[in-house]
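Please take a moment with the sequence and the three-dimensional view before reading on. The paragraphs that follow begin at the ligand and then move outward into the strands.

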Amino acid sequence: MHALIKDLKNHVGETVRLQGWIYNSRDSGKIAFLVLRDGSGLCQCVVAKSPATEGFFDTARKLTQEAAVRLTGLVKANEKQIGGHELEVTGLEMVGESVDFPISPKPHGIEFLFKHRHLHFRSRRQWHILRVRHAVIDEIRSYFNRNGFTLIDTPIFAPAAGEGAQTLFQVDYFGEPVYLAQTGQLYVEAGCMAFGKVYCFGPTFRAEKSKTRRHLTEFWMVEPEIAFAELDDVVALAEDFICSIVARVLRDHRADLEFLGRNIASLEKITKPFNRMTHKEAAEVLRGPRAKELLEKDLTAKTARIAEIKTLLAEKEAKVAGQGVKQWEKDKLVGEIADLKDEVGDLEVEVTNIPHHIELAAKFDPGGDLGGSDETIISRLSDKPTFVTHYPKACKAFYMKQSADDASRVNNVDLLAPEGFGEIIGGSQREDSHDVLLHRIHEEGLNPDDYAWYLDLRKYGTVPHGGFGLGVERTVAWLCGLKHIRETIPFPRMMGRFYP
Ligand code: 4AD
């Protein structure tokens, strides 16, 4: 009977057939230990030399990394083994050879791994991350479906900018310029006037000319939009939605998070209510002593960690070069050295940047947008996510609703994930007055003809409405505790990266 590794607990004492790829192997002359990967988990499969295994024992010993096989055998419980089970192999069928698989268990640089992304995501770390991504996407869909939202698919070829014109990708559409969608928002606004509560969910594109850990040029965004809603309704929806995503991942993917070294206790603190502050309050924090103290403390801690790592590196390098170290031990040390070098490299960059970030925060322009380092500061001041609302109109998109008590600000909201992860949601109440919106379109130098249909929504039964966009990759990076979002999507697209 064919079984999946994840289901072996139901087959203890039975003979089953597994199919998959060789993740790892070693042999002691009389026994071959094969770690099989089948997409659902890992299982050690043991082939002992005996008359029963004579026909395939030599093949088993020679199996290389990523060779595809079918293995038949008896399932045994074994707490010490990966996954808690072991297969005592009684049959082996070779399916596909693998010669010189380029990604060995030894460390490789990031460039190399991403050039081989089609093979790289077979590795354990990537497998755990992409499983969390799957759960986040599944929860997004089920959250909106069970809460009465209708899915409205929005176009990817867009006639005009939805967000800033400077991040548009232009495409030749039978001789006319069109743009890859930066957002589906304008279209879900039309949708919510037809269905009340709607959402779109798909890939969005931004020509971000910066190579940061938070930016992709192609990323997935879910955008709910609700009619008869003001800013507080948008904030309440975002808060409830985030809690349901976090709860789902904690319920079903604890083991994945543990493998990734995620601090789970900090995710358990993600409960209502989240923090809330205005942009004005955020500006005061950034310009005040708390931000400076936080960064100065960082500088001291990071400098100390660099010194500590350098000592560790010297010790480990001496050990590798020494006599009598077994090969497996050497491989382990080489891996640890590479990880420490990566960490020290990152820390050195951070330490050089901190004085600049201190200066940026101290001189923060109360009329400007929050930069990446500013978001990091605000999001580290508390264990909970922070909603920052009411940004200056001048630094935000044309469609945001002007605040009733301060015409220089808008009813918008960004949600900053804690622990320095920064913005994962951007949203707002939308401008529902035809004349104010038209004025804003002119003010921003946009062509009103491109937005005639969008202005129509304000002519025929306009109502207060709003919504937000959540970036899937930034959310997964936060939940998994990853520094860079490039690992959160199967095939990342960034400036300078579009292969494979
Ligand atoms: O704040 P943004 O630009 O909002 C909008 O696009 C609105 N139209 C959404 C709406 O109100 N319906 O983007 C929303 C989210 C960000 O908070 C972030 O999570 C993600 O999309 N995002 C990116 N993720 C990865 N790479 C990029 N270049 C991103 N730009 C935005």
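In this predicted model, a good place to begin is a nitrogen atom of the ligand, which is 2.9 Å from a polar backbone atom of Leu216. Taken alone, the ligand exposes 630 Å², and the protein buries 94% of that area. Backbone atoms also approach the ligand elsewhere: a backbone N or O atom of Ile425 lies 3.3 Å from an oxygen atom of the ligand, and for Gly426 a backbone N or O atom lies 3.4 Å from an oxygen atom of the ligand.

What surrounds the ligand as a whole? The shell consists of 24 residues, of which the closest are Glu163, Gln185, Arg206, Glu223 and Glu423. Sorted by class, this shell is evenly divided, with eight nonpolar, eight polar and eight charged residues. As for the space that the ligand takes, it is the second largest pocket of the model.

Which strands supply residues to this shell? At least two residues each come from β11, which covers 218-227, from β15, which covers 422-429, and from β16, which covers 465-471. The largest share is that of β15, with five residues.

These three strands can now be placed in a wider arrangement, an open sheet of eight strands in the order β6-β10-β11-β16-β15-β14-β13-β12, where the pairing is mixed. At the edges of the sheet are β6, residues 150-151, and β12, residues 275-278, each of which pairs on one side only. Strands of a sheet pair through backbone hydrogen bonds, and this pairing can be either parallel or antiparallel. Within the sheet, β15 and β16 pair in the antiparallel sense over five bridges, and a reader who wishes to follow this pairing in the view may look for Gln429, which stands opposite Gly466 in β16.

A further pair of strands deserves a separate look. Strand β8, residues 170-173, and strand β9, residues 176-180, run antiparallel and are joined by four bridges, with Asp172 standing opposite Pro177 in β9. The two strands form a hairpin that has two residues between them, and in this hairpin Phe174 takes a positive phi near 50°.

To return to the starting point, the strand β15 gives the shell around the ligand its largest share of residues, and this strand is also the antiparallel partner of β16, which itself supplies at least two residues of the shell.

Conventions. Residues are numbered from 1 along each chain as its sequence is written. This is a predicted model: local features need pLDDT of at least 70, side-chain atom pairs count only at pLDDT 80 or more; totals for chains, interfaces and linings use all residues. Side-chain values use heavy atoms; hydrogens and water are left out. A residue is near a molecule or strand if one of its heavy atoms lies within 4 Å of it. A polar contact is a pair of N or O atoms within 3.5 Å; within protein, one must be able to donate a hydrogen and the other to accept it, and residues adjacent in sequence count only if both atoms are side-chain atoms. Accessible areas come from the Shrake-Rupley method with a 1.4 Å probe; for residues, only the protein chains shown count as cover. On a 1 Å grid over the protein atoms alone, a cavity is a set of points where a 1.4 Å probe fits but cannot get out, and a pocket is an open set with protein on both sides within 12 Å along at least five of seven lines; lining residues have an atom within 4 Å of a point. A molecule sits in a cavity or pocket if more than half of its atoms lie within 2 Å of its grid points. Ala, Val, Leu, Ile, Met, Phe, Trp, Tyr, Cys and Pro count as nonpolar, Asp, Glu, Lys and Arg as charged, and the others, Gly among them, as polar. Two strands pair if DSSP finds at least two bridges between them.
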